[in-house]
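User: I've got a model open and want to go through some of the labels on it. Can you take me through the reasoning behind them?

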Amino acid sequence: MAKDQKEEYSHIHDDNFMDKYQGKELTNDLNCEARDPFITLDGDWNYSIDIYDSFLREEWYTGEAGHEGGPKDFSFSEWETMELPASWNNEAEELSYYEGSVIFHREFQQVKTNNDKVFLRIGAINYESLIFINKHYVGKHSGGFTPFTADITEYLEKNNKILVLVNNDRKKDRIPSLITDWFNYGGIYREVEIYKVPEKQISDYFSYLVPDGEYNKIKVSVETNGSEGEKVEVKIGNLIDDELKLNSEGKAEKVFEVKKLKLWSTDNPYLYNITLSYNGDVINDQIGFRQVEVEGNDILVNGEKIFLKGVSAHEDSVKNGKALTEAERLETLKLASDMNCNFMRLAHYPHHENMSKLADKLGILLWEEIPVYWSISFDKEEVLANGKKQLRELINRDKNRASVIIWSVGNENPDTEARYNFMSSLIDEAKKIDPSRLTSAACLLNLDKMEITDRLQDKVDVIGINEYFEWYYGTFDDLEHLVSTEIDKPVIVSEFGGSAAPDKHGEKNELWTEENQKRIYQKQLELLTGCEWVAGLTPWILYDFKTPKRINKYQQMYNLKGLVSKDKKYKKLAYYVVQEFYNKL
Ligand code: GCB
């Protein structure tokens, strides 16, 4: 029977076509960080842009859209292919500056066996994604930088079709919001994988050194979908060989007293093998144990004061956009460690999870951050809910990595009541989930007073402050004033610097020259390290990065505050200034 006219054309007139996809919000509720995928779905996917939202309006995922018996307007498996993970802007000329929706399609074979559960995990998609498997709507994810998982067991067949609708529009109520000083790359730019786990499984675990200054207690907590009284075996190197008993929610936690613990530190990044076994589900991870705390103006790691010799970094590659390869991640870490850094600020959003895994092995401390950047709809509850979710997804992902010592909840947000409440709730959330780390936020300087007056300073453990004396405003006299003020907490100067076009030379006061950048760095480093409340530095920034905001003749869409050029091959004079300075500290 033919559909009546109203039904036939409803997709054209119904602007509420998104309503039915609300509510099924995916998150990373299966911790896969130390599991091996059963198969990877990286590789070639078909894709097409979808400017008028036809995919959702006409429910193309059902495969039945269009006039009955008539032609269809889509042909998933005949579309062009793109090799994922990828930032789409780097994959096809016509996508270079595309912002909007793109449909991705691929097929895969039978993966279900016995009673195993099958999970899909996607490392990150910018920004929003809706997932469909074999005509079923699996769920949606909002937030461009954190992983999510979905139990897809019930949707699987012999041959499977997965469709992912990605949208990277910049919107007022997204996090980040309408403008950022980085490029809004779109796409499925981190790994797409299938995991198989037993029907009863360990969904999450968290292990850390209890920060009580005794260095002899390790807390282990686990979450499962099991039942009260069941046991989870815990082995940590030669320290622990014991078991945990599940409560009625399938959870358990215990503080174990340990002897002769080898601490993780930047000099000796020692990692213990940890094995958790429950009903045939086994997780093997490597975890370091260290204590981080603040005392007066100092940051202490394992009870000893440490000066954080850091640098900020974006995730950006001329060739791959945000879809960095492992070699590119290592290159970034090496550029920092060759500059004698013991610390990095991974700005302004969660970077790939392997950064903290590599930093754990290399002994580099990390500041990790969520993209609560510049202007955000601080007064909206649903925006706060999304901010908390992005924060939770980051913490859930990296909470077992010793290298991560700071959760930062935002960057340069003007000090209003709504923003104060918003950021305070994020800090409370971080503290609630993770009592083993410090919190911070990169705050704005009060430019009338040239002092830190942001109210958030009372809330964070470590104050982050961004300042651009001698570049955007002010003089070194202003910086001298700033460092002479009194502050009773540790401060990380989370940004300072200036731009230089690679290999452009001239007078030391000439804009865009390496000599000018070098001059700014020399004096900044001298004044900041002479200040008792400065506990660390993460100058802006390790390498030049793409941003649509910067379009003068030198910049050509790149922020040139890098110490290294955008291709990461050329080190500017200021790189060597920092290298030498940090070497002597
Ligand atoms: C800032 C921002 C950073 C920018 C930088 C700049 O304060 O936090 O995202 O890229 O300044 O270069 O202006």
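User: What makes β13 and β14 count as paired strands, and how many bridges join them?

Analyst: Keep in mind this is a predicted model. Seven bridges join β13 to β14 (residues 217-224), with the two running antiparallel. Pairing takes at least two bridges, so β13 and β14 qualify with seven. One bridge links Y205 to its partner V222 in β14.

User: Why is β13 called an edge strand?

Analyst: The open sheet has three strands in the order β13-β14-β17, paired antiparallel. Both β13 (202-209) and β17 (251-257) pair on one side only, which is what puts them at the edges. On average, neighbouring strands in this sheet are turned by 10° against each other, ignoring direction.

User: Why is I49 called partly exposed?

Analyst: I49 has 37% relative accessibility. Buried would need under 20% and exposed over 50%, so a value in between is partly exposed. I49 sits in strand β2 (residues 43-49).

User: What makes I49 eligible for a surface patch, and which residues share that patch?

Analyst: A patch residue needs over 30% relative accessible area, and I49 has 37%, so I49 clears that bar. The nonpolar patch is about 360 Å² and is made by I49, I51 and Y52.

User: Which residues of α5 are buried, and what covers them?

Analyst: In α5 (residues 354-362), the buried ones are N354, M355, S356, L358, A359 and D360. Their cover includes α4 (326-338), α6 (381-398) and β26 (404-411). Just after α5, G363 takes a positive phi of about 80°.

Key
Residues numbered from 1 in each chain as written. Predicted model: local features only at pLDDT ≥ 70, side-chain atom pairs only at ≥ 80, totals over all residues. Heavy atoms only, no water. Patch = residues over 30% accessible without salt bridge, like charges linked within 9 Å, V, L, I, M, F, W, Y side chains within 5 Å. Areas by Shrake-Rupley, 256 points an atom, 1.4 Å probe, with all protein chains shown as cover. Salt bridge = Lys/Arg side-chain N within 4 Å of Asp/Glu carboxyl O. Helix = DSSP H or I, 4+ residues; strand = E, 2+ residues; numbered from the N terminus. Buried < 20%, exposed > 50% of the residue type's maximum accessible area, 1.4 Å probe, protein only. Axes fitted to C-alpha atoms, helices over the stretch in contact; angles between N-to-C directions. Contact = heavy atoms within 4.5 Å.
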